[in-house]
Amino acid sequence: MAMKLWASSTANALKISCANRTRATPSLTFSVSRCFSTVLEGLKYSSSHEWIKHEGSVATIGITDHAQGHLGEVVFVELPESGSTVAKGGSFGAVESVKATSDVNSPISGQVVEVNSKLTEAPGLINSSPYGDGWMIKIRPSTHSELEGLMDSGEYTKFCEEEDAHH
């Protein structure tokens with residue numbers, strides 16, 4: 001993981017990019033862009049680099065691999081209390097890294113039903129497993145229509161490539 005972060009940081013600093021590739025594993029399909037950032041199919045993405053996985057009545061939210069790569073090593077995470085409400089586009093917490101502190105915004109509105117308490121003791125899970133053990137909150141969405149305005153994996157990959165090209 002440390003090598004991946006170093007390579008990603010180095011590639012970003014040198015403004016090196018590589019063509020998109022698609023890889024498949026037995027149970028997971030994902031596309032790789034920017035050499036090292038992973039974008040999973042089947043998730044929705046916001047322009048502020050949060051992902052959302054909607055399953056039944058609950059939606060899981062975290063920050064993307066792209067976001068954690070730009071932040072660097074995450075050292076502290078601030079999360080809301082279970083039972084609180086979040087608004088689409090509103091901040092629900094913060095991620096502090098060795099480089100910066102960034103607000104984390106909710107891609108949709110809803111009520112927090114679960115918080116990933118593992119992140120209190122191991123905030124680096126956001127770096128090592130942004131789409132797995134590094135999830136941040138689970139919410140019960142207020143309305144499912146807000147999901148329609150989010151990007152799919154292809155749109156998000158293109159968004160990141162364009163954003164990186166301007167920086």
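**Salt bridges and an antiparallel sheet**

Glu 55 is partly exposed, with a relative accessible area of 48%, in what is a predicted model. The side chain of Glu 55 meets that of Lys 53 in a salt bridge, and the count of such salt bridges comes to two. The points below take up these contacts and then turn to an open sheet of six strands.

**Salt bridges**

- Between the side chains of Lys 53 and Glu 55, the N to O distance is 3.6 Å, and Lys 53, at a relative accessible area of 35%, is partly exposed, as is Glu 55 at 48%.
- Lys 158 and Glu 162 also join their side chains in a salt bridge, with 4.0 Å from N to O.
- Helix α5, which covers residues 153-165, holds both Lys 158 and Glu 162, and the two are four residues apart, about one turn of the helix.
- Glu 162 has a relative accessibility of 42% and counts as partly exposed, because this value falls between the 20% limit for buried residues and the 50% limit for exposed ones.

**The six-stranded sheet**

- The open sheet runs in the order β4-β5-β6-β12-β11-β8, and its pairing is antiparallel.
- Its edge strands are β4 (44-45) and β8 (85-86), each of which pairs on one side only.
- Within this order, strand β6 (residues 58-63) pairs with strand β12 (residues 137-141) in the antiparallel sense, over three bridges.
- Ala 59 has Ile 139, in β12, as its bridge partner.
- In general, strands of a sheet pair through backbone hydrogen bonds, in either a parallel or an antiparallel way.

Terms used. Residues numbered from 1 in each chain as written. Predicted model: local features only at pLDDT ≥ 70, side-chain atom pairs only at ≥ 80, totals over all residues. Heavy atoms only, no water. Buried < 20%, exposed > 50% of the residue type's maximum accessible area, 1.4 Å probe, protein only. Pairing = 2+ DSSP bridges.
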